[in-house]
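Visitor: Could you walk me through this one? I'd like to know how the labels are earned.

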Amino acid sequence: MTQEIILTTGIYDLIKDLIRRKKLTLQEEERLIVQLKNAKQVVRKSLPLDVVTVDVKVTVKNLIEQKDEVYTFVAPAKAKRRNNTESIIGSMGLALVGCKTGDIVKWHFGEEEKEFEITNVERFA
């Protein structure tokens, strides 16, 4: 079952472009196509504060390893390892984008499926 995600129009269009340009794995593409069909699109100022998008710090609990992980998602052009930031269209960003605090997300990373619970979303811009 795929949960409904909430996306800004810009992020929605960015993901559609990734799919169109075949920049994803087949599993990512299939999952995102289904999610986009059910996605709610909003303007940025109407996006709830607890939804994963660009310019947020997200804490997730890895439910398989039982440990917390923190990710800072930014626009693709701003992602820099030295700043500990990740692109919102990287693997983890695509797994979590549009989801909200409390959601449980299962996502394939290569051949491995991981499961996360989003425990906190904090906007910084």
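**The sheet and one buried residue**

Guide: Sure. There's an open sheet of 5 strands here, ordered β5-β4-β3-β7-β6, with mixed pairing. Its edge strands are β5 (86-87) and β6 (104-109), each pairing on one side only. This is a predicted model, where local features need pLDDT of at least 70, side-chain atom pairs count only at pLDDT 80 or more, and totals for chains, interfaces and linings use all residues. Residues are numbered from 1 along each chain as its sequence is written, and side-chain values use heavy atoms, leaving out hydrogens and water.

Visitor: How do you know that β6 and β7 pair?

Guide: Two strands pair if DSSP finds at least two bridges between them, strands being DSSP runs (E, at least two residues) numbered from the N terminus. β6 and β7 (residues 112-123) have 6 bridges, in the antiparallel sense, so they qualify under that rule. One of the bridge partners in β7 is Glu117, matched with Ile104.

Visitor: Why is Thr72 called buried?

Guide: Buried means under 20% relative accessible area (exposed is over 50%, partly exposed in between; 1.4 Å probe, protein chains only). Thr72 comes in at 16%, so it counts as buried.

Visitor: What is Thr72 in contact with, beyond its neighbours within four places in sequence?

Guide: Val56, Lys57, Asn84, Thr85, Glu86 and Phe124, contact meaning heavy atoms within 4.5 Å.

Terms used:
Helices (H or I, at least four residues) and strands (E, at least two) are DSSP runs, numbered from the N terminus.
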